[in-house]
Amino acid sequence: MDPIKNVVPILVPQVGMEFSNSDDAWMFWVTYGGNTGFEVRKRYTNKRKHDGKVTSCRYVCSNEGHRLEDPRDHLTKCPRAETRTDCQVRMGLVLDRKKGIYKVSELVLEHNHILHSRETLHLMATQRKISELQAFEIEAADDSGIGPKAAHELANRQVGGQLNLSYTLRDHKNYLRSKRQREMAYGQAGSMLKYFQDKIAENPSFQYALQMDCEEQIANIFWVDAKMVTDYAHFGDVVTFDTTFGTNKESRPFGVFVGFNHFRETVVFGAALMYDETFKSFKWLFETFLKAHNGKQPKTFYTDQDSAMGKAVEEVFLEAWHGLCTFHIMQNAIKHLPQPRNEENEDSNILSDFSACMYEYEDKNKFEEEFKIMRTKAHKQTWLDSIYKLKEKWAECYMKDIFTLRMRSTQLSESLNNDLKIHFKSDFDILRFFKHFERVVQGKRNNELNSEFDSRTKLPRVKIRTPMLLQASKLYTPIIFEAFQGEYERSMTACTKVVDGNNQYLVAIGSLDENLTLEDEYKVIGNPLEQTAMCSCGQFNRIGILCGHALKVLDLMNIKSLPPQYVLKRWTRKARSGTIQDSQGRNIIENPKLDAMLRYRFLSHKFLDLANRAANFPECTMLVNSTLDILGKQIEDKINACTSTSANPCTIPTDGSPPSELLINARLKKKEVHTRGSKRKRTWLDKKHKTTKKRQSKATFRGKKSTVKEAGEEASNAGAQVQVAEYSVSAYKGKESEECKAINSYTELLTGPITDELLDGELFR
């Protein structure tokens, strides 16, 4: 009985049936076997010697014949199940030499075994196949961090159940395993180079750089994609850099350059895998970073307190102010400064005093006085003295005119590193590391797209409909507009006092509650002709948003709209406008495949809707099937005609890919990985101690046996035996410590006096 004859009409082979070639005949036999419920295989194929053309062949049921006996079968504990039943089902073809076609010459269709049921047809080996589209979906799910089981279940649901899917979960896992083996065919270094070359083929603005050691092994790796280059061109004024460990199989330090976009969200400017954290490595990395970004220097560059990194920053980023991460400084302060014993006495809390020196004091003299007082509270001033020498890199009073965007630490890098560790595993090979890094970076970029969508959908909430606020609501992104509107509200409570001179004021911001309290006064110099207001607080120079003091003076000068020189482009909705060029002078296209992706989305939705409607009617199913066969041939002809006559201008040639020999011979410089469970190397002294312990343990074991035997004769209960055993162990430990008391450490052996006992003992024999 044909299992699915009521679903799709089945073509039954007949004697005399003709095929244009042997491949078509084989596909017909495979399809017939799948529809009927039996596995198929090729019995033999005869070919002509001079041209290799098939002259005759026979296709049979997989149960044909008998399995050959193996003389080792009697040794097999779990033999394979028998599958052959000497089934005679077959289809033979011969070549018609005149017409050049193949005809069915012999045919047997009666089976001597049970056929597969309709529910198990999808499990047959000849019917299981992963198509190109399915392979793409499997790879996409794996790159997205979806496990094989969940991805396979999703694929089942998409096609209406497991019966309609042409592969099993085991096939899914085997495909991923084979894919990773193919990707790593050139080894870690060669596969990495091939990955980089594939990225360049997709987008020529992708850049990478390698630093080789004296043995021509790859030590340090740096890469940026096209989007990172454009992000840095728009938002590369303030950059943070930090390294982390435990993200890759090679245990290499992984460093990322990050910053803020116009929504104050994280953007990535570049990434690096380093061999070590030395001055030379950091210097090469920073120089390569600038070269990839057309030599554009950041205004501010934040790092931790690593001395090698700081030295490299000073040599490379000549135009940037180098800041230290205040978070790391505070962590070091907790380690080195004493904690207050009495929590109620806040005056004695040296950590609070240090935090105030870092964040609160804007006057340098005040800072110096308070820091001097704080030093008297510390028992040891070593760490305070060392951090005081770097006060220009972390103290608030020395950063009044530094463009920081209110960034004081490398927390952006730390946050990104935490996201990376969520998705990464320390045993990832280098290709999986790169792909999962792409996934994390794309997640950050998706956050910006969501913010962009919300900014175009949701109107900003303007509290006071003044011309300046209405103008700012259209210029700035929502989060920046909220900050500007807060400063505008503060300006409305400001009190001013005219100073001698033209348009010079002392401005103090008042509180917004009933009890008016004034903040510190700041001097503002206005110029109504040039529409400028320069405030001594320096907020605009630090974050690019006018302060309430300057807004108050602009209002006093009857300037009701925001002057263009006070609109920083990096905070506006049009921050990404303009064309950016890469280091080769080419205009950067962030996603060359965007148009093709949009066309694919349009066609896939249309085809899915058509398949969903046609599947309910057998006649419509056959119509769609036959139409797609005709359409597929027409599309192939069209594609072949287009590729032969003209080249697609968007297609990037891949002739620049490195030869296979270079990929095979590439080597990563190996790092010595120290795992938690690894034992330290034993010295000659450890080995000598071990020999002594073995001798002691043997003697103690003999004494233990005799003691236990005597105790067993004197007492019959088990408690006495336990007491004797415990005594023997404690006696052994006491004896061991007593004999080793003379030498407690290797340092004591080297620095202590040489006695006669040492010279006469076995230690130096």
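How many aromatic pairs does a search of the whole structure find? The analysis concerns a predicted model, in which local features need pLDDT of at least 70, side-chain atom pairs count only at pLDDT 80 or more, and totals for chains, interfaces and linings use all residues. Residues are numbered from 1 along each chain as its sequence is written, and side-chain values use heavy atoms, with hydrogens and water left out.

The search of the whole structure yields 41 aromatic pairs. Rings of Phe, Tyr and Trp (its six-membered ring) are paired if their centres lie within 6.5 Å; planes under 30 degrees apart count as stacked, over 60 as edge-to-face and the rest as tilted. One of these pairs, Phe 289 with Phe 317, is edge-to-face, with 6.5 Å from centre to centre and 65° between the planes. Phe 289 belongs to helix H7 (residues 279-292), whereas Phe 317 lies in the loop between helix H8 (307-316) and strand S12 (321-324), so the pair ties together parts that are 28 residues apart in sequence. Helices (H or I, at least four residues) and strands (E, at least two) are DSSP runs, numbered from the N terminus. Both Phe 289 and Phe 317 are buried, that is, under 20% relative accessible area (exposed is over 50%, partly exposed in between; 1.4 Å probe, protein chains only). Ring pairs also link Phe 289 and Phe 317 into a cluster whose members include Phe 222, Tyr 232 and Phe 241.

Asp 142, found in helix H2 (residues 132-143), counts as buried because its relative accessibility is 13%. The C-alpha atoms of Asp 142 and Leu 176 are separated by 8.2 Å, with the two residues 34 apart along the chain.
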